[in-house]
Every structure is written in structure tokens, then in C-alpha cells.
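Hi,

Here is the structure I promised to pass on. Have a look at it first, and then read on for what turned up.

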Amino acid sequence: LNETSSFIWNLCDGKHDISQIQKQVSKQFNQPASEDFIWFAIDQLKKENLMEKDTEMPNHFAGLNRRKLIKQVG
């Protein structure tokens, strides 16, 4: 995990919603972070089996190719 992913993973404790995580990430790294960025990080954590896959999560990235995904998250 990189520092940002690790920070997000620690906030995925059932006590923080996406908006709260987004605000904490923006504050911690002194840069704006979009909710799409947070969802992308969570999706990557799930792919690495670091989060339960059966948790409900909207699929913000369905049907996007890599270029469109980077543009949306970027």
C-alpha cells in the first residue's frame, strides 16, 4: 500500500462515510481529493483482498476504460 491507500484503509472502519474520508484525506495530504478518488481507492483495496467484497458499494466506474477512469478520478 502507498501512504494514501493506507490512510484510506484505516478510515474504512464503519465509523466514517465517504464524505468524511474524503475530507480527512484532503486535510491529511493538503490536497483536494474527490469522492471518486476515494471510491477508486476502496475499489483497489477490495481487489487486493484488503476489504470485504460483499460490502455494498456503488460501481462508479462500470463501463469506463482506463483513460476515462483516470480522467474522472484525476
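Which element gives the largest share of the lining of the second largest pocket? That is α3, with five residues. Please keep in mind that this is a predicted model.

The second largest pocket holds about 160 Å³ of space. Its lining is made up of Leu1, Asn2, Thr4, Ser5, Phe37, Phe40, Ala41, Gln44, Leu45 and Glu48. The elements that contribute two or more of these residues are α1 and α3.

Two of the lining residues, Asn2 and Thr4, also meet at the start of α1: a side-chain oxygen of Asn2 comes to within 3.1 Å of the backbone nitrogen of Thr4.

Now to the inside. The largest nonpolar core has 12 residues: Phe7, Ile8, Leu11, Ile18, Ile21, Val25, Ala33, Ile38, Trp39, Ala41, Ile42 and Leu45. At least two of them come from each of α1 (3–11), α2 (18–29) and α3 (35–47), and α3 supplies the largest share here, with five residues. Ala41 and Leu45 belong to this core and also line the second largest pocket.

α1 is worth a turn on your screen. Its buried residues are Ser5, Phe7, Ile8 and Leu11. They lie on the same side of α1, because the arc they cover around the axis is only 160°. These buried residues pack against α2 and α3. Leaving aside residues up to four places away in sequence, Phe7 touches Gln24, Val25, Gln28 and Phe29.

Happy to hear your thoughts.

Best wishes

Note on methods. Residues numbered from 1 in each chain as written. Predicted model: local features only at pLDDT ≥ 70, side-chain atom pairs only at ≥ 80, totals over all residues. Heavy atoms only, no water. Core = buried A, V, L, I, M, F, W, Y, C linked by side-chain atoms within 4.5 Å. Buried < 20%, exposed > 50% of the residue type's maximum accessible area, 1.4 Å probe, protein only. Helix = DSSP H or I, 4+ residues; strand = E, 2+ residues; numbered from the N terminus. Contact = heavy atoms within 4.5 Å. Arc of directions from axis to C-beta. Polar contact = N/O pair within 3.5 Å; in protein donor to acceptor, adjacent residues only side chain to side chain. 1 Å grid on protein atoms, 1.4 Å probe; cavity = no way out; pocket = protein on both sides within 12 Å on 5 of 7 lines; lining within 4 Å. Points joined across faces, edges and corners; volume = space filled by probe spheres on them.
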